[in-house]
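Work through the exercises below with the sequence and the coordinates open. Each task is followed by a solution in steps.

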Amino acid sequence: MHCPFCRHQDSRVVDSRTSDDGASIRRRRQCPACNRRFSTIETASLTVVKRSGATEPFSREKIVNGVRKACQGRPVSDDDLALLAQRVEETIRGSGSAELDANEIGLAILGPLRELDEVAYLRFASVYQGFGSLEDFDAAITALRADREARDADADDRVEDAPEV
Ligand SMILES: [Zn+2]
């Protein structure tokens with residue numbers, strides 16, 4: 001590949017290292033013309049198959065744009081959205097497949113979005129899962145409540161287990 005410093009047309013690999021999770025390879029390269037060194041990161045490209053059958057490269061920006069609408073008026077920052085998109089990408093890469101349908105991406109969004117903001121989660125889920133009635137909302141809210149109560153019960157246990165001072 002081209003040297004980013006002098007645009008020389010070639011460079012040679014002086015070192016290759018696989019990341020701890022095995023999902024990427026980092027290569028140290030050296031330019032034979034100017035002798036400067038630079039790194040490249042190699043990851044598998046992720047392809048998204050849309051409902052129409054068309055394919056496009058996975059993009060975190062698309063995730064952020066898709067979720068932003070559901071977060072309107074909610075206390076969710078751009079940093080929160082960037083982190084969410086990063087978690088979605090990690091989940092998808094962790095699945096090991098190089099080609100995903102839009103449905104799998106929607107599923108990967110639901111978990112982290114629920115942790116981020118329950119109202120935004122309900123909005124997103126209602127569109128993505130095609131809620132058609134009040135009962136659908138009711139079921140989703142009941143599930144959220146049950147999870148919250150389970151979390152609170154865990155917290156109570158921790159307080160009870162704490163040593164007395
Ligand atoms: Zn160079």
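The model is predicted, and residues are numbered from 1 along the chain.

**Exercise 1. The domains**

Task: State which residue ranges the domain assignment gives, and how many Å separate the domain centres.

Solution. Step 1: the assignment divides the chain into domain 1 (12-43) and domain 2 (47-158). Step 2: taken over C-alpha atoms, the centres of domain 1 and domain 2 are 34 Å apart.

**Exercise 2. The sheet that includes S1**

Task: Give the strand order of this open sheet, its pairing and its edge strands.

Solution. Step 1: strand S1 (residues 12-18) and strand S2 (residues 24-30) are antiparallel and share 6 bridges. One of the residues to check is Arg12, whose bridge partner in S2 is Gln30. Step 2: the hairpin of S1 and S2 has 5 residues between the strands, and Gly22 there has a positive phi near 75°. Step 3: S2 also pairs with S3, again in the antiparallel sense, over 7 bridges; here Ile25 has Glu42 of S3 as its bridge partner. Step 4: the result is an open sheet of 3 strands in the order S1-S2-S3, with antiparallel pairing. S1 and strand S3 (37-43) are the edge strands, each pairing on one side only. Neighbouring strands of this sheet are turned by 25° against each other on average, direction ignored.

**Exercise 3. An aromatic pair**

Task: Classify the pair formed by the rings of Phe5 and Phe38, and say which parts of the chain the pair ties together.

Solution. Step 1: the count of aromatic pairs is 3. Step 2: the ring centres of Phe5 and Phe38 are 6.5 Å apart and the planes stand at 70°, so this pair is edge-to-face; the class requires planes over 60 degrees apart. Step 3: Phe5 lies in the segment before S1 and Phe38 in strand S3, so the pair ties together parts 33 residues apart in sequence.

**Exercise 4. The sheet that includes S4**

Task: Give the strand order and the kind of pairing in this open sheet.

Solution. Step 1: strand S4 (residues 47-49) and S6 run parallel and are joined by 3 bridges. Val48 has Leu100 of S6 as its bridge partner. Step 2: the open sheet has 3 strands in the order S5-S4-S6, and its pairing is mixed. Step 3: its edge strands are S5 and strand S6 (99-101), each of which pairs on one side only. The twist from one strand to the next averages 30°.

**Exercise 5. The two pockets**

Task: For the largest pocket and the second largest pocket, give the volume and the classes of the lining residues.

Solution. Step 1: the largest pocket holds about 540 Å³ of space. Its lining has 21 residues, and Lys62, Gly66, Ile105, Ile109 and Phe124 lie nearest the centre. Step 2: strand S5 (55-57), helix H1 (60-68), helix H3 (102-116) and helix H4 (118-128) each supply at least two residues of this lining. By class, the lining has 12 nonpolar, 3 polar and 6 charged residues. Step 3: the second largest pocket has a volume of about 180 Å³. Its lining includes Ser19, Asp21, Thr43, Arg60 and Glu90, and divides into 1 nonpolar, 5 polar and 5 charged residues. Step 4: helix H2 (residues 78-94) gives the most to the lining of the second largest pocket, with 5 residues. Domain 1 (12-43) and domain 2 (47-158) each contribute at least three residues to this lining.

How values were computed. Predicted model: local features only at pLDDT ≥ 70, side-chain atom pairs only at ≥ 80, totals over all residues. Heavy atoms only, no water. 1 Å grid on protein atoms, 1.4 Å probe; cavity = no way out; pocket = protein on both sides within 12 Å on 5 of 7 lines; lining within 4 Å. Points joined across faces, edges and corners; volume = space filled by probe spheres on them. Helix = DSSP H or I, 4+ residues; strand = E, 2+ residues; numbered from the N terminus. Nonpolar A, V, L, I, M, F, W, Y, C, P; charged D, E, K, R; others polar. Domains from an automatic or database assignment. Pairing = 2+ DSSP bridges. Axes fitted to C-alpha atoms, helices over the stretch in contact; angles between N-to-C directions. Phe/Tyr/Trp six-rings, centres within 6.5 Å; stacked < 30°, edge-to-face > 60°.
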